[in-house]
Amino acid sequence: MLTEEQNRLLTEVEGDAPFGQMMRERFWIPCARSAALVADGAPQHIRLLGDNFVAFRATDGRIGFFDEACPHRGASLVLAHNSDCALRCLYHAWKIDVSGQVVDVPSEGTRASTFGKNIKVNTYPTFEGGGLLWVYLGKGDPPPRPPIPFLDLDESRMWVSRSVSPSNWFQGVEGTIDSVHVGTLHQSWIGGNYAKDDSPNPSIALTLDSHPRYEVEDTPYGMKAAAIRDLADGRQYLRVTTYVMPFVSLVPAGNTDREGTVFIAVPRDNHEHMLFWGLWNEDGPRSDAEKYLTTGERDPDNFVTINEGPNRTWGQDRDAMAKGHFSGFTGTLVDEDLIIQASQGVIQDRTREHLCSSDVGIGRLRRRLLDEIAAWQNGLLAHDGEVPDKVRPLDIIAEAGASWREMV
Ligand SMILES: [Fe+2]
């Protein structure tokens, strides 16, 4: 349970909210699928931390990332033409090159090419990695790239989708630290797709035992949360989620620590978040069968649409439940996640909850972030120490008593 003030600190990101300010100044923010940005293609609306931006890929492949409004009279540059390494506003055809410089104002006649020489839109540094565009919205120098293992993998080894959820971003992050819900909420999805002989990830079926014991450890970049399940043969199933502040959770999804699934919950504002859901394999392509299993034919840029409907049932299929489907949401596990998070309320009221022993990871996550915000407000870091180049999740069946801390 949190106080009202703590709940605000962890959820609010707009304007002067401390967490939003820290996100701007200290972190690269993933904001779009790279594949959604096509050279000379449609500019993309990007909403982050309550502000609106436009991103586009120029003719030569460079990325432009601007404030959304045209510097002339504020029309949206999402509507602009994209050609010749520049956007051209629909309203009066002002042309803004990929560096943000106004280079043509046709209505000025002979002064058209010089009129805008002192007018520039705000631009922001970006990089592309892991199939995503990342942006830095702070005022200082950008930080190092996050220590995640898939930033340099090619398309065949990293796949990612984008969904928009009508709930606060922190509900998205909390869901990824909570291993018990995997074998509860997602039991039919896992049972149907993974608990079989040719499963691409047989050990995930072990999460169907919903009584793990948790061990959690803070790290300079975030934390690690281990769910430990005792197996009938005396060994133990170790499932370690690695959390990289503030958006990224690396969750095991394979038979080695070289592959996994990533959940990235990014605040559009206080009330909505984007979820990037991906799979990676550092040693080879993910199987097409698994890719299809997780996406079907759906558009990876608009992967899940959440609509609570007139009776707050989100399209739940009671007939499927009567036939044994646990949740009644028969799409993928992401449908189940985003719907259950929306059902908690747009911003969950954490002053009224009752946590139990399976919420150890969530309690520690909150404490970790509250400490980080407090330290940041004093110009400090909550945990000094070296951040490795790459961090990974872990999914392993080990002898009883083995220490996961020495393995990941
Ligand atoms: Fe989930």
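This briefing walks through a few parts of the structure above, one topic at a time. Please keep in mind that the model is predicted. The protein is divided into domain 1, residues 28–135, and domain 2, residues 158–406. We begin with how these domains meet, then look at a small sheet, a strand with several partners, and a pair of helices.

**How the two domains meet**

- The C-alpha centres of domain 1 and domain 2 are 34 Å apart.
- Where the domains touch, domain 1 contributes 12 residues and domain 2 contributes 14 residues.
- On the domain 1 side, strand 1 (29–33) and strand 2 (44–48) each supply at least two residues.
- Strand 1 gives the most to this side of domain 1, with four residues.
- The residues on the side of domain 1 that touches domain 2 divide into seven nonpolar, three polar and two charged.

**A small open sheet**

- Strand 1 also belongs to an open sheet of three strands, with the order 1-10-9 and antiparallel pairing.
- Strand 1 and strand 9 (126–129) are the edge strands, and each of them pairs on one side only.
- From one strand to the next, the twist averages 30 degrees.
- Strand 9 and strand 10 (residues 132–135) run antiparallel and are joined by four bridges.
- If you want to find this pairing in the model, look for glutamate 128, whose bridge partner in strand 10 is leucine 133.

**Strand 14 and its surroundings**

- Is strand 14, residues 236–244, largely enclosed or largely open? Nine of its nine residues are buried, so strand 14 is largely enclosed by the rest of the structure.
- Both faces of strand 14 are covered. On one side the buried residues are Gln236, Leu238, Val240, Thr242 and Val244, and on the other they are Tyr237, Arg239, Thr241 and Tyr243.

**The strands that pair with strand 14**

- Strand 13 (residues 222–230) runs antiparallel to strand 14, and nine bridges join the two.
- Strand 13 and strand 14 form a hairpin with five residues between the strands, and in this hairpin glycine 234 takes a positive phi near 95 degrees.
- Strand 18 (residues 394–398) is also antiparallel to strand 14, with five bridges joining them.
- Tyrosine 237 is a handy landmark in strand 14: arginine 229 stands opposite this tyrosine, and in strand 18 its bridge partner is isoleucine 397.
- Strand 15 (residues 248–252) is joined to strand 14 by three bridges, and these two strands run antiparallel.
- A hairpin links strand 14 to strand 15 through three residues.
- Which residue of strand 15 stands opposite tyrosine 243? The residue there is serine 249.

**Two helices that cross**

- Two packed helices are described by the angle between their axes and the distance between the axes.
- For helix 2 (residues 18–26) and helix 9 (residues 360–377), the axes come within 10 Å and cross at roughly 75 degrees.
- Because of that crossing angle, helix 2 is roughly perpendicular to helix 9.
- Helix 2 uses Pro18, Phe19, Met22 and Arg26 to meet Ile373, Trp376 and Gln377 in helix 9.
- The residues of this contact between helix 2 and helix 9 divide into five nonpolar, one polar and one charged.

Definitions and conventions: Residues are numbered from 1 along each chain as its sequence is written. This is a predicted model: local features need pLDDT of at least 70, side-chain atom pairs count only at pLDDT 80 or more; totals for chains, interfaces and linings use all residues. A residue is buried if 20 or more other C-beta atoms lie within 10 Å of its own, exposed if 12 or fewer, and partly exposed in between; C-beta atoms are placed from the backbone. Two strands pair if DSSP finds at least two bridges between them. Domain bounds come from an automatic or database domain assignment. Two residues are in contact if their C-beta atoms, placed from the backbone, lie within 7 Å. Ala, Val, Leu, Ile, Met, Phe, Trp, Tyr, Cys and Pro count as nonpolar, Asp, Glu, Lys and Arg as charged, and the others, Gly among them, as polar. Axes are lines fitted to C-alpha atoms, for helices over the stretch in contact, and angles run from 0 to 180 degrees between N-to-C directions. Angles under 35 degrees count as roughly parallel, over 145 as roughly antiparallel, 65 to 115 as roughly perpendicular and the rest as oblique.
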